[in-house]
Amino acid sequence: MEKEHPMSLCAWCNAALPPRLPGRAGGGHPRWYCRHACRQAAYRERRDRTARLQVELGTVDFAPRRPPTDQQIALTILEARSAAAAFARLGHAVRRDLAWRCSAAGQAVRKAVDDYFPGT
Ligand SMILES: [Zn+2]
């Protein structure tokens, strides 16, 4: 029996990921999305949520020459919470030997963000 890819579900729609095409460089990064539309949808959601959070936090930067570190922090917090949520979702969706890893990773990421950025 062939080994399954450890992350064999699309991170956006949870569909099974198609097998890698032979001939493409084997050392590429692992796939997260089943198709271009899913990658786009995930990107748009991250972008829109980040924009909303920046408005809520009042960190929209109107002086682009200043390094936008506050926005970078807000964005990274959002990405971490998004990754934690994705792990938690996968914890209910994937087979058991991977599910507990996903659940534990999601809890650990969420706890780290809660510990170091309380109230975000
Ligand atoms: Zn998909």
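Which residues does Val109 touch, not counting residues up to four places away in sequence? Keep that one in mind while you look through these close-ups, which come from a predicted model.

**View 1. Val109 and what it touches.** Val109 sits in helix α3. Leaving aside residues up to four places away in sequence, Val109 touches Ala80, Ala83, Ala84 and Phe87. Is Val109 buried, exposed or partly exposed? It has 19 C-beta neighbours inside 10 Å, and because buried takes 20 or more, Val109 counts as partly exposed. Also look for Ala85: Val109 and Ala85 are 24 residues apart in sequence, yet their C-alpha atoms are 9.3 Å apart in space.

**View 2. Helices α2 and α3 packed together.** Two packed helices are described by the angle between their axes and the distance between the axes. Here, α2 (residues 69–93) and α3 (residues 96–116) pack at an angle of about 155°, and their axes are 7 Å apart. Angles over 145 degrees count as roughly antiparallel, so that is how α2 and α3 lie to each other. The crossing of α2 past α3 is left-handed.

**View 3. The residues where α2 meets α3.** On the α2 side, look for Ile77, Ala80, Arg81, Ala83, Ala84, Phe87, Ala88, Leu90 and Gly91. Facing them from α3 are Ala99, Cys102, Ser103, Ala105, Gly106, Val109, Arg110 and Val113. Sorted by class, this contact has twelve nonpolar, three polar and two charged residues. As you trace a helix, remember that an α-helix has 3.6 residues a turn, so residues three or four places apart point the same way.

**View 4. Helix α2, end to end.** How far should the 25 residues of α2 span? At 1.5 Å a residue, the answer is 36 Å, and the end C-alpha atoms are 35 Å apart, which agrees. The buried residues of α2 are Ala74, Ala84 and Leu90. What covers them includes α1 and α3.

**View 5. His92 in helix α2.** His92 also belongs to α2. With 9 C-beta neighbours inside 10 Å, His92 counts as exposed, because the cut-off for that is 12 or fewer. His92 and Cys102 are ten residues apart in sequence, with their C-alpha atoms 8.7 Å apart in space.

**View 6. Helix α1 and the glycine after it.** Helix α1 runs over residues 36–57, and its 22 residues should span 32 Å at 1.5 Å a residue. Its end C-alpha atoms are 31 Å apart, which agrees. How many of the 22 residues of α1 are buried? The count is zero, so to speak a hardly covered helix. Right after α1 comes Gly58, with a positive phi near 70°.

Terms used:
Residues are numbered from 1 along each chain as its sequence is written. This is a predicted model: local features need pLDDT of at least 70, side-chain atom pairs count only at pLDDT 80 or more; totals for chains, interfaces and linings use all residues. Helices (H or I, at least four residues) and strands (E, at least two) are DSSP runs, numbered from the N terminus. The expected span of a helix is 1.5 Å times one less than its number of residues. Axes are lines fitted to C-alpha atoms, for helices over the stretch in contact, and angles run from 0 to 180 degrees between N-to-C directions. Angles under 35 degrees count as roughly parallel, over 145 as roughly antiparallel, 65 to 115 as roughly perpendicular and the rest as oblique. A crossing is left-handed if the near helix is turned anticlockwise from the far one by less than a right angle, and right-handed if clockwise. Two residues are in contact if their C-beta atoms, placed from the backbone, lie within 7 Å. Ala, Val, Leu, Ile, Met, Phe, Trp, Tyr, Cys and Pro count as nonpolar, Asp, Glu, Lys and Arg as charged, and the others, Gly among them, as polar.
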